[in-house]
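Thanks for coming. I will walk through one structure today, piece by piece. Please have a look at it first.

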Amino acid sequence: MLRRRAVVRRVRLIGGAIVAIMTAIGLVLSVWLMILLGDAWYIGLLMIASLLLPLVSVIQSFRQQRWYAGADLPPYAMRMTPAALELGVEGAPAPVVLPWPAVIGFRRERRAGQPVLRVVLQRGVTATSPGVSGLDQPAARATLQPSKFVKNGGLYGVPSLDQPVEAIDQALRYFSNGNAAVVS
C-alpha cells in the first residue's frame with residue numbers, strides 16, 4: 001500500500017505539473033488571441049473556457065495529495081477468518097467485515113496494464129445485511145459498492161499484496177468452504 005501510494009503521489013505530481021504548465025501556456029495564448037482578433041474576442045474566451053476543465057483536474061489532484069499525506073493506512077488490506085473476510089479500506093476508521101455467504105470472491109482483472117483483484121459481492125449485499133459491518137462508512141461504500149459511474153470499486157493491486165494470487169485463492173477456498181474463489 002505504501003508503494004502504491006508513493007507511485008500514485010509521484011505520477012499525480014508530475015502529471016499535475018505538466019497539465020498546469022500546458023494550461024498556463026494555453027491561457028497566455030488565449031489572451032493574446034483575444035487581443036489580436038479584436039472583434040472576434042469570443043474565440044479567445046471560448047479557448048479560456050475550454051481550459052477550465054484541465055485546471056479543475058490539476059486542483060483536484062493536488063487536493064488528493066494533501067488527503068494522502070493526512071490519511072492513515074489501514075493495518076492490512078485483507079484478512080481471512082473462518083467466519084468472514086475483513087477488508088481494510090483507505091479512509092475508513094474500521095475494517096469492513098463481510099461474512100462468507102456475502103462474498104463471491106475476487107475477480108482477476110487488468111486496469112491500466114496492472115493486474116488487480118476486484119472484490120465481488122453477492123447481489124443485494126448492503127450495510128444492513130446479516131453479519132456485515134463497516135459497509136456503512138462513506139469510504140467503504142465508495143470503494144466496495146458498485147456504481148454506474150465508478151467501475152474501479154474494491155480493487156487491490158496484485159504487486160502491492162504480500163501473498164501471490166494463487167495463495168489468496170487457496171485461502172479463500174479454505175476459509176469459505178469452497179464458496180469463494182479468485183476467478184479470471
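**Serine 129 and its surroundings**

Let me start with one residue: serine 129 is buried, with a relative accessible area of 16%. I call serine 129 buried because its value is under the 20% cut-off. Before I go on, please keep in mind that this is a predicted model.

Where along the chain is serine 129? Serine 129 sits in the loop between β5 and α4, and α4 covers 138–144. A polar atom of the serine 129 side chain lies 2.9 Å from the backbone nitrogen of threonine 126.

Now to the strands. β5, residues 114–121, pairs with β4, residues 103–111. The sense is antiparallel, and there are eight bridges. As a reminder, strands of a sheet pair through backbone hydrogen bonds, either parallel or antiparallel. To pick out one bridge, arginine 107 has arginine 118 in β5 as its partner.

How many residues lie between β4 and β5 in their hairpin? There are two, and alanine 112 in the turn has a positive phi of about 55 degrees.

Next comes an open sheet of three strands, in the order β1-β2-β3, with antiparallel pairing. Which strands are at the edges? They are β1 (78–80) and β3 (96–99), each of which pairs on one side only. Ignoring direction, neighbouring strands of this sheet are turned by 20 degrees against each other on average.

Within that sheet, β1 and β2, residues 84–87, are joined over three bridges in the antiparallel sense. Methionine 80 has leucine 85 in β2 as its bridge partner.

That brings me to the nonpolar core. The largest one has 27 residues. Those with the most contacts inside it are Met78, Leu85, Phe106, Leu117, Ile168 and Leu172. At least two residues of this core come from each of β1, β2, β3, β4, β5 and α5 (165–175).

Take isoleucine 168 from that list. What does isoleucine 168 touch, leaving aside its neighbours within four places in sequence? Its contacts are Met78, Met80, Leu117, Leu161, Gln163 and Val182.

Last, a residue from a helix. Glutamine 64 is in α3, residues 52–70. Is glutamine 64 buried, partly exposed or exposed? Glutamine 64 is partly exposed, with a relative accessible area of 26%. Its C-alpha atom is 9.0 Å from that of arginine 12, although the two residues are 52 residues apart along the chain.

That is where I stop.

Notes
Residues numbered from 1 in each chain as written. Predicted model: local features only at pLDDT ≥ 70, side-chain atom pairs only at ≥ 80, totals over all residues. Heavy atoms only, no water. Pairing = 2+ DSSP bridges. Helix = DSSP H or I, 4+ residues; strand = E, 2+ residues; numbered from the N terminus. Axes fitted to C-alpha atoms, helices over the stretch in contact; angles between N-to-C directions. Buried < 20%, exposed > 50% of the residue type's maximum accessible area, 1.4 Å probe, protein only. Polar contact = N/O pair within 3.5 Å; in protein donor to acceptor, adjacent residues only side chain to side chain. Core = buried A, V, L, I, M, F, W, Y, C linked by side-chain atoms within 4.5 Å. Contact = heavy atoms within 4.5 Å.
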